Amino acid sequence: MPTNLIFDIKRYAINDGPGIRIVIFFKGCNLHCVWCHNPESISAKAEKLYSPSKCIKCGSCVEACEQNAITLSADGIVTDNQRCVMCGKCCEACPALALEMSGKVISVDEIITIIEKERVFFEQSGGGVTFSGGEPLLHSDLLIKLLEECGKRGIHRTVDTAGNVREETLLEVAKQTDLFLFDLKMMDSALHKLWTGSDNTLILQNLKKLAETGAGIIIRIPLIGGVNDSDENIEQTARFISELAGESKEVQLLPYHNIAQNKYQKLGRKDNSEKLREPDKETLTAAIEKYRKYGIRAGIGG
């Protein structure tokens, strides 16, 4: 199964860095956040998504599958994952678009060509390209090549990362990056591991090191009711950010909302929305005030 997969390309994005941007989403992540809005981004392998409500039970996918991995039932199609090789031919054959592939190998030249087509919007708005995921730094070789090519063309480069990678990798990427959107979940390491599958020791160390380089950084914090919206966590987070190197610090709060439920259903997985809740307005207001008290620019992000 090839790595370095791209699972989505979003044009005309306005919440992923300055101006109008194109966002390139890498597939694969080494965190497993319970609240993940892009569950199709976690696996580094290609995946197939199925929408039963769209399926017209025509059997086109069954005929297209050379592996005989698909059968048609009264409730829709059933895929034998032991036989399926994720070739995507069933998705191509589906007239109702009930099947779709998540994850495609695209070359550097192909991606740059796609980016270049959006240049007029970058120039008019002060935008550029944002590399996101998943975790783009898990694909550092491809990422650096893309960053270098964009740099040669004068295109503003933003990288959206959780920072859970080797320090050497992060600092190498930083040489070719104009702005980082650095995701910071919570301060307590044990709770971080409970909710994301990994402790945050490396993440906090990397954020400190990155700030010391003078890199442009916007810290983005998903705010989830009952997870990281406590007064204690907000206070600890504000204090930690205020002590980072550099004078200008900015935080964007990303309130949790259950928009990914349909994606979990398409993947045949159970979502965890029953464990989570949206933060109330009072909590959001208090959090923003707390960050500002520590001299940090803070607001609600997209």
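**Exercise 1. Place Asn-30 and list what surrounds it.**

Step 1. Asn-30 sits in the loop that links strand 2 to strand 3 (47-50). Helices (H or I, at least four residues) and strands (E, at least two) are DSSP runs, numbered from the N terminus. This is a predicted model, in which local features need pLDDT of at least 70, side-chain atom pairs count only at pLDDT 80 or more, and totals for chains, interfaces and linings use all residues. Residues are numbered from 1 along each chain as its sequence is written, and side-chain values use heavy atoms, with hydrogens and water left out.

Step 2. Check exposure. Asn-30 has a relative accessible area of 28% and is partly exposed. The scale: buried is under 20% relative accessible area, exposed over 50%, partly exposed in between (1.4 Å probe, protein chains only).

Step 3. Find the contacts, meaning heavy atoms within 4.5 Å. Set aside neighbours within four places in sequence; Asn-30 then touches Glu-135, Leu-138, Asn-164 and Val-165.

Step 4. Compare sequence and space. Asn-30 and Leu-137 are 107 residues apart in sequence, yet 10 Å apart C-alpha to C-alpha.

**Exercise 2. Trace the sheet around strand 8.**

Step 1. Write the strand order. The sheet is open, has nine strands and mixed pairing, and runs 7-1-2-8-9-10-11-12-13. Strands pair if DSSP finds at least two bridges between them.

Step 2. Find the edges. Strand 7 (104-105) and strand 13 (297-300) each have a single partner strand, so one side of each lacks a neighbour in the sheet.

Step 3. Take strand 2 (residues 21-26) with strand 8 (residues 128-132). They run parallel, joined by five bridges. Val-23 has Thr-130 as its bridge partner in strand 8. For Ile-24, the partner there is Phe-131.

Step 4. Cross to strand 9 (residues 156-161). Strand 8 pairs with strand 9 in the parallel sense over four bridges. Val-129 has Arg-157 as its bridge partner in strand 9.

Step 5. Check burial. Five of the five residues of strand 8 are buried, so strand 8 is largely enclosed by the rest of the structure. In strand 9, five of the six residues are buried, so that strand is also largely enclosed.

**Exercise 3. Describe how helix 5 meets helix 3 and helix 6.**

Step 1. Define the geometry. Axes are lines fitted to C-alpha atoms, for helices over the stretch in contact; angles run from 0 to 180 degrees between N-to-C directions. Under 35 degrees counts as roughly parallel, over 145 as roughly antiparallel, 65 to 115 as roughly perpendicular, and the rest as oblique.

Step 2. Start with helix 3 (residues 108-116) and helix 5 (residues 140-152). Their axes come within 10 Å and cross at roughly 45 degrees. The two helices are therefore oblique to each other.

Step 3. List the residues. From helix 3, Val-108, Ile-111, Ile-112 and Ile-115 meet Leu-142, Lys-145, Leu-146, Glu-149 and Cys-150 of helix 5.

Step 4. Turn to helix 6 (residues 167-174). The axes of helix 5 and helix 6 come within 10 Å and cross at roughly 15 degrees. That makes helix 5 roughly parallel to helix 6.

Step 5. List this contact too. Ser-140, Leu-143, Ile-144 and Leu-147 of helix 5 meet Thr-169, Glu-172 and Val-173 of helix 6.
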